[in-house]
Amino acid sequence: IYGGDEFAMKAGSHELRGMQAYLAFLAHHVTILPNEPLPLNIPLMLLIDYRGYRIIATSALPIGGSTLKYGSADGGRSVHKDVKNLNRTMKAAGQFINLKGHMVGVAVQKKLFAPCDIEGHEGKDGKYYVLDTARVFPPETVSKTFMAVTIHPETYGRHN
């Protein structure tokens with residue numbers, strides 16, 4: 001999928017970087033609305049490098065095949081934007097991270113403030129979860145693969 005072990009390892013780093021961006025959004029939310037419940041949750045995530053291998057370990061979440069409500073799990077063939085509260089939250093998070101809304105999807109297009117392959121779930125516990133954040137930051141043009149280098153997120157969360 002990634003064109004080699006080196007690029008597959010980078011994908012794990014990109015996943016963690018995307019999660020950190022959504023964590024920064026949540027920290028900002030807590031700062032401005034301390035008495036409100038979190039509008040979005042992210043799984044615990046850990047990158048483990050051992051003897052040249054990288055493993056991504058994440059916590060189990062109360063989600064399943066029917067809980068996807070935002071984004072796509074099939075390469076954009078079907079794009080979800082099903083729940084107004086989650087849509088508003090993902091838009092706010094995208095704007096906080098400085099992601100512009102854009103049309104995504106193969107047959108039917110919808111405007112998302114995230115990459116097409118992100119997954120926003122309404123968990124079986126009623127909470128919203130975001131996963132698959134490896135492509136939150138757009139890639140730079142490189143010759144080998146799209147996962148080699150991403151634009152750095154130094155400016156997310158800066159508002160005038």
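This briefing covers the charges, surface patches, strands and backbone angles of one structure. The model is a predicted one. Two salt bridges are counted in the model. The surface carries a patch of positive charge that includes Lys 111, and a nonpolar patch of about 400 Å². Strands β7 and β8 pair in the antiparallel sense, and positive phi values occur at Arg 51 and at Asp 132.

**Salt bridges**

- Side chains of opposite charge can pair when their charged atoms come close.
- One salt bridge joins Arg 54 to Asp 49, with a distance of 2.6 Å from N to O.
- Arg 54 has a relative accessibility of 26% and therefore counts as partly exposed.
- Its partner Asp 49 is also partly exposed, at a relative accessible area of 46%.
- Another salt bridge is made by Asp 117 and Arg 135, whose closest N and O atoms are 3.2 Å apart.
- This pair links distant parts of the chain, 18 residues apart: Asp 117 belongs to the loop between β6 and β7, and Arg 135 to the segment after β8.
- Asp 117 has a relative accessible area of 27%, so this residue is partly exposed.
- Arg 135 is likewise partly exposed, with a value of 37%.

**Positive patch**

- Four lysines, Lys 81, Lys 91, Lys 100 and Lys 111, gather on the surface as a patch of positive charge.
- Within this group, Lys 111 is placed in strand β6, which covers residues 110-112.
- The relative accessible area of Lys 111 is 40%, so the residue is partly exposed; a patch member needs over 30%.

**Nonpolar patch**

- Leu 46, Ile 48, Tyr 50 and Ile 55 make up the nonpolar surface patch of about 400 Å².
- Strand β1, residues 45-50, gives the most to this patch, contributing three residues.
- Tyr 50 is located in strand β1.
- Tyr 50 counts as exposed because its relative accessible area is 53%, and the cut-off for exposed is over 50%.

**Strands β7 and β8**

- The antiparallel pairing of β7 and β8 runs over four bridges.
- Within β8, Leu 131 is the bridge partner of Glu 119.
- The two strands form a hairpin with five residues between them.
- Gly 126 lies in the turn of this hairpin and has a positive phi of about 85°.
- Strand β8 is covered on both faces: Tyr 128 and Val 130 are buried on one side, and Tyr 129 and Leu 131 are buried on the other.
- Leu 131 thus appears both as a buried residue of β8 and as the bridge partner of Glu 119.

**Positive phi outside glycine**

- Most residues other than glycine have a negative phi.
- Arg 51 is not a glycine, yet its phi is positive, near 50°.
- Arg 51 lies in the loop between β1 and β2, where β2 covers residues 53-58.
- With 71% relative accessibility, Arg 51 counts as exposed.
- Asp 132 also has a positive phi, of about 60°, although this residue is not a glycine.
- Asp 132 is found in the segment after β8.
- The relative accessible area of Asp 132 is 32%, which means that this residue is partly exposed.

How values were computed. Residues are numbered from 1 along each chain as its sequence is written. This is a predicted model: local features need pLDDT of at least 70, side-chain atom pairs count only at pLDDT 80 or more; totals for chains, interfaces and linings use all residues. Side-chain values use heavy atoms; hydrogens and water are left out. Patches are made of residues with over 30% relative accessible area and no salt bridge: like charges are joined within 9 Å, nonpolar side chains (Val, Leu, Ile, Met, Phe, Trp, Tyr) within 5 Å. Accessible areas come from the Shrake-Rupley method with a 1.4 Å probe; for residues, only the protein chains shown count as cover. A salt bridge is a side-chain nitrogen of Lys or Arg within 4 Å of a carboxyl oxygen of Asp or Glu. Lys and Arg count as positive and Asp and Glu as negative; His and the chain ends are not counted. The place of a charge is taken as NZ of Lys, CZ of Arg, CG of Asp or CD of Glu. Buried means under 20% relative accessible area, exposed over 50%, partly exposed in between (1.4 Å probe, protein chains only). Two strands pair if DSSP finds at least two bridges between them.
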